[in-house]
Amino acid sequence: MSYNISIVIVNFNGKRYIKNLFDSLSKMDSTGLTYEIVFVDNNSTDGSIQFLTESYRDIFPNLKILETKENLGFAGGNNYGVKHSEGEYVVFLNNDTAVEKNWLLEMYTFFSSQKNIGMVASKLVFFHDFIKVQVKTQDKIIISSNVQINDVSQKVDVKFTKNLLYMDSELTCFGHTIFYLPLIHGVSEYSIDLQVIKEHDQTTDFIIIGENSYSLHEKIVLDEDFISNNKVTLIQNAGSGVDEGFNGFDQGFCEEDQGQYDKAREIDSCCGAAMMIRRDLFVEIGGFDSKFFMYYEDTDLSYRVKKQGLQLLFCPTALVRHVHTGSSQEWSPFFVFHVYRNKLLFISKNFKFKTFAKQFILYVAHVIKEVFFTKQKTSLKKAKLKALFAVIKIYPSYWLKK
């Protein structure tokens, strides 16, 4: 049977995300479309397949569950899914997401209405909304980085902070500090209890939420109406790009969503968490590079699509909520190895040799400095060294293809 769209989802020990994702897919409007869901499991050991089968097999007759028997990574897992798909278009969707009701229709309609288009990227926002906390002081205050939210300890995530000094156990805040607390533990009532380590002056130190001021020492209780009127959505990705140092980045990352990315536009690259491509084009250009395993594989694919003379476009009305790094810990040794290795592999494939040579030399210098002259964790030093030797091993095969 053929479909308009194949939604390919790669999973590795992501059972905790399945309910949110498939509940959202069950509410999705697909009027006028035929689609299949191709769920590729990369040899999970957490009962993902059993849970998915028991909970959603009857709800989704168009669900195809594939077991790879080994971890092929994001790149290899998606290639495997496309190989067993039947849709004219392929949508790659992360397992740690939840889609809005009209997401698929918006994506498909947008793609179909454009000319000279290669891929379309969805608009990604962080999975949970947030409460915005502003600090006011005439000097500085220090609070614990662990905040009690509904009497549950929640560590403030550094990426959701602005204008403060972040330590593992404490936050040094100034008169223009902002941090965002996720609405994870329920929204009918939301309590916040800060642990003050050092303050400047009780008469001038306070925090602001919405239009209300609160003492640093009081337990703040916000009701459902207040939360509804003051919650903030933060953007995770409104299109991807590569900076001058060839570091991949998310456009709009951690910005408050105030409509600044609500217009369709051409982008440099697409985020693999939620993007669409024609199946025949994906196959024609060789799919994802399986050597990448994960990270930069979507950027590499984007650049190969652009080499076909096709545009990459951002569709702001195709909205997806995304946990972000749900499958791996950000800046873990695993993350560091793949990001540093794949950045160099991406450069070697898509830019001139002199560009690759320059970046390779810079990376060698970086590794020498990190390994011998810093107190960085040994595991991270090993990851960077491992990435260097992996590039040396893999690069000749890319050079021969060129």
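**Figure 1. F51 and an aromatic cluster.** F51 is partly exposed, with a relative accessible area of 25%. The model shown here, and in every view below, is predicted. F51 sits in helix α2, which spans residues 48-56. Its ring belongs to one aromatic cluster together with F22, F39, Y56 and F60. A long-range approach can also be traced from F51. Its C-alpha atom is separated from that of I18 by 8.3 Å, while the two positions lie 33 residues apart along the chain count.

**Figure 2. An edge-to-face pair between helices α7 and α8.** The whole structure holds 26 aromatic pairs. One of them joins Y303 and F346, with 5.0 Å from centre to centre and 90° between the planes. This geometry is edge-to-face, because the angle exceeds the 60 degrees set for that class. Y303 belongs to helix α7 (residues 297-306) and F346 to helix α8 (residues 333-350), so the contact ties together parts that are 43 residues apart in sequence. Y303 and F346 are both buried.

**Figure 3. A tilted pair within helix α9.** The ring centres of F356 and F360 are 5.9 Å apart. Their planes meet at 35°, so the pair is classed as tilted. Both residues lie in helix α9 (residues 353-373), four residues apart, and about one helical turn separates them. An α-helix has 3.6 residues a turn, so residues three or four places apart point the same way. F356 is buried, at a relative accessible area of 6%.

**Figure 4. Helix α7 and its surroundings.** How many of the 10 residues of α7 are buried? Nine are, so the helix is largely enclosed by the rest of the structure. The buried set begins with E297, D298, T299 and D300. It continues with L301, S302, Y303, R304 and V305. Charged side chains of α7 also take part in salt bridges. D300 and R304 are joined with D289 and K349 into one network, through salt bridges that share partners.

**Figure 5. A salt bridge between helices α9 and α10.** The side chains of E370 and K384 meet in a salt bridge, at 3.3 Å from N to O. E370 lies in helix α9 and K384 in helix α10 (residues 378-401), so the pair links distant parts of the chain, 14 residues apart. Is this bridge made of buried or exposed residues? E370 is buried, with a relative accessible area of 12%. K384 is buried too, at 5%.

**Figure 6. Two salt bridges with accessible partners.** The whole structure contains 18 salt bridges. Among them is the contact between E67 and K69, at 3.9 Å from N to O. That distance counts because the cut-off is 4 Å. E67 is partly exposed, with a relative accessible area of 41%. K69 counts as exposed, at 62% relative accessibility. The other bridge in this view joins K159 and D157, with N and O 2.9 Å apart. K159 counts as partly exposed, at 22% relative accessibility. D157 also counts as partly exposed, at 29%.

**Figure 7. A negative patch on the surface.** Which residues gather in this patch of negative charge? They are E189, D223, E224 and D225. D223 is found in strand β17, which covers residues 220-223. D223 is partly exposed, with a relative accessible area of 45%. That value qualifies it for the patch, because members need over 30%.

**Figure 8. A nonpolar patch on the surface.** F353, W399 and L400 make a nonpolar surface patch of about 410 Å². F353 lies in helix α9. F353 is exposed, with a relative accessible area of 52%. This is over the 50% limit, so the residue is not classed as partly exposed.

**Figure 9. D96 in a loop between two strands.** D96 is placed in the loop that runs between β4 (87-93) and β5 (97-99). Is D96 buried or exposed? D96 is buried, at a relative accessible area of 2%. Its C-alpha atom is separated by 8.5 Å from that of R321. Along the chain, D96 and R321 are 225 residues apart.

Conventions: Residues are numbered from 1 along each chain as its sequence is written. This is a predicted model: local features need pLDDT of at least 70, side-chain atom pairs count only at pLDDT 80 or more; totals for chains, interfaces and linings use all residues. Side-chain values use heavy atoms; hydrogens and water are left out. Patches are made of residues with over 30% relative accessible area and no salt bridge: like charges are joined within 9 Å, nonpolar side chains (Val, Leu, Ile, Met, Phe, Trp, Tyr) within 5 Å. Accessible areas come from the Shrake-Rupley method with a 1.4 Å probe; for residues, only the protein chains shown count as cover. Lys and Arg count as positive and Asp and Glu as negative; His and the chain ends are not counted. The place of a charge is taken as NZ of Lys, CZ of Arg, CG of Asp or CD of Glu. Buried means under 20% relative accessible area, exposed over 50%, partly exposed in between (1.4 Å probe, protein chains only). Rings of Phe, Tyr and Trp (its six-membered ring) pair if their centres lie within 6.5 Å; planes under 30 degrees apart count as stacked, over 60 as edge-to-face and the rest as tilted.
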